[in-house]
Amino acid sequence: MVCLLLLGPPGAGKGTQGQLVASRLSIPPISTGDTFRAHVAAGTPLGLSARGYLEAGDLVPDAVTCAMLSERLTEPDTAAGFLLDGFPRTTAQAEALQGILAERGHELTRVIELQVGAAELVERLSARRVVIDGQSLQRSDDTPDTIRHRLEVYQRETVPLSDWYGSLGLLSRVDASGDVDEVTARILDSFSRNGAGVD
Ligand code: ADP
């Protein structure tokens, strides 16, 4: 059972690296941001209530996010493990995750924090294009004001989690600047160096 968690600010590459690392480990990547965006696009009740938060770069309330994640983790593809990208983002979410894992007799294997300098983050996010319905578009929350706000929210709500996971001896910090493949190799390397076999 591999329970991996990717921490890092917006623009650090959690989505890209989450997909690559999860595929290498044959576990599903679970992105709360992608899940919310899918609900918004499909116009589900969850999407309708989450939409305003996403557009403003604010966090969706913990109760909504935790319920969605908890349900996702009951799906059979998570039986051998999973990689979380974008969850937890608050202390309340981290505590909820500990509860969900404990209920199932699981523990976190490792928390990987992707580190990128502030200037590179803003540059990456401003330049980012995503493919939606076959079109290359800018995400509605990748505008300068919203990027600044998301980085502030990250500092305030999520940075304390890295200290907490560090104090539990679960945290590996990885330099996430530069080439995508090199960053993937650094993540897999730090993961296997900490006693969790990759193959
Ligand atoms: P980024 O890391 O670039 O901000 P994400 O795709 O992870 O992008 O998240 C986009 C948005 O989805 C967030 O700004 C927030 O509104 C919502 N979101 C994602 N994960 C969470 C979470 N764990 N708790 C609350 N809101 C979340």
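## Starting at Q138

Q138 is partly exposed, with a relative accessible area of 35%. The model you are looking at is a predicted one, and Q138 is a handy place to begin the tour. You can find Q138 in the loop that runs between β6 (135-137) and α7. Setting aside residues up to four places away in sequence, Q138 touches S126, R128 and R129.

What does the side chain of Q138 reach at 3.3 Å? The partner is the backbone oxygen of S126. The side chain of Q138 also reaches the backbone oxygen of D142, at 3.0 Å. For a sense of scale, try finding I27 as well: Q138 and I27 are 111 residues apart along the chain, and their C-alpha atoms are separated by 29 Å.

## The nonpolar cores

Let's turn to the inside of the model. In soluble globular proteins, nonpolar side chains tend to be buried together. Here, the largest nonpolar core has 21 residues. Those with the most contacts inside this core are L4, V21, L25, L83, I112, L114 and I187. Several elements each supply at least two residues of the core: β1 (2-7), α1 (14-25), β4 (110-115), α6 (118-127), α7 (144-167) and α8 (180-193). Which of them gives the most? That is α8, with four residues.

L4 is a good residue to click on. Leaving aside its neighbours within four places in sequence, L4 is in contact with V21, L25, F82, L83, L84, R110 and F191. Apart from this core lies another one, of 20 residues, including L5, L7, L170 and L171.

## V2 in strand β1

V2 has its place in strand β1. Not counting residues up to four places away in sequence, V2 touches I27, A80, G81, F82, T109 and F191. How far apart in space are V2 and I112? From C-alpha to C-alpha they are 13 Å apart, while 110 residues separate them in sequence.

## Around the ligand

Next, look at the ligand. It is surrounded by 19 residues, and the closest are T32, R37, D58, G86 and R150. Three side chains are worth picking out here. In the side chain of T32, an N or O atom is 2.8 Å from a nitrogen atom of the ligand. R37 has a polar side-chain atom that lies 2.8 Å from an oxygen atom of the ligand. The side chain of R150 has an N or O atom 2.8 Å from an oxygen atom of the ligand.

How much of the ligand does the protein bury? Taken alone, the ligand exposes 540 Å², and the protein buries 97% of that. Two elements give two or more residues to the shell around the ligand, namely α2 (32-42) and α3 (45-56). The largest share, four residues, comes from α2. Sorted by class, the shell has seven nonpolar, five polar and seven charged residues.

## Two unusual backbone spots

Most residues other than glycine have a negative phi, and most peptide bonds are trans. With that in mind, have a look at S26. The phi of S26 is near 55 degrees, a positive value in a residue other than glycine. S26 lies in the loop between α1 and β2 (29-31). Is S26 buried or exposed? S26 counts as exposed because its relative accessibility is 65%, and the cut-off for exposed is over 50%.

The other spot is at P88, in the loop between β3 (81-85) and α5 (91-103). A cis peptide bond joins F87 and P88, with omega about 0 degrees.

## Two residues of helix α5

Helix α5 offers a nice contrast to finish with. Q93 has its place in this helix, and E103 lies in α5 too. Q93 has a relative accessible area of 2%, so Q93 is buried; the cut-off for buried is under 20%. E103, with a relative accessible area of 68%, is exposed.

What does Q93 touch, not counting residues up to four places away in sequence? The list is D62, T65, C66, F87 and P88, and the last two are the residues joined by the cis peptide bond. The side chain of Q93 also makes a polar contact with the side chain of D62, at 2.9 Å. As for E103, its C-alpha atom and that of S192 are separated by 26 Å, with the two residues 89 apart along the chain.

Key: Residues numbered from 1 in each chain as written. Predicted model: local features only at pLDDT ≥ 70, side-chain atom pairs only at ≥ 80, totals over all residues. Heavy atoms only, no water. Core = buried A, V, L, I, M, F, W, Y, C linked by side-chain atoms within 4.5 Å. Buried < 20%, exposed > 50% of the residue type's maximum accessible area, 1.4 Å probe, protein only. Contact = heavy atoms within 4.5 Å. Near = heavy atom within 4 Å. Polar contact = N/O pair within 3.5 Å; in protein donor to acceptor, adjacent residues only side chain to side chain. Areas by Shrake-Rupley, 256 points an atom, 1.4 Å probe, with all protein chains shown as cover. Nonpolar A, V, L, I, M, F, W, Y, C, P; charged D, E, K, R; others polar.
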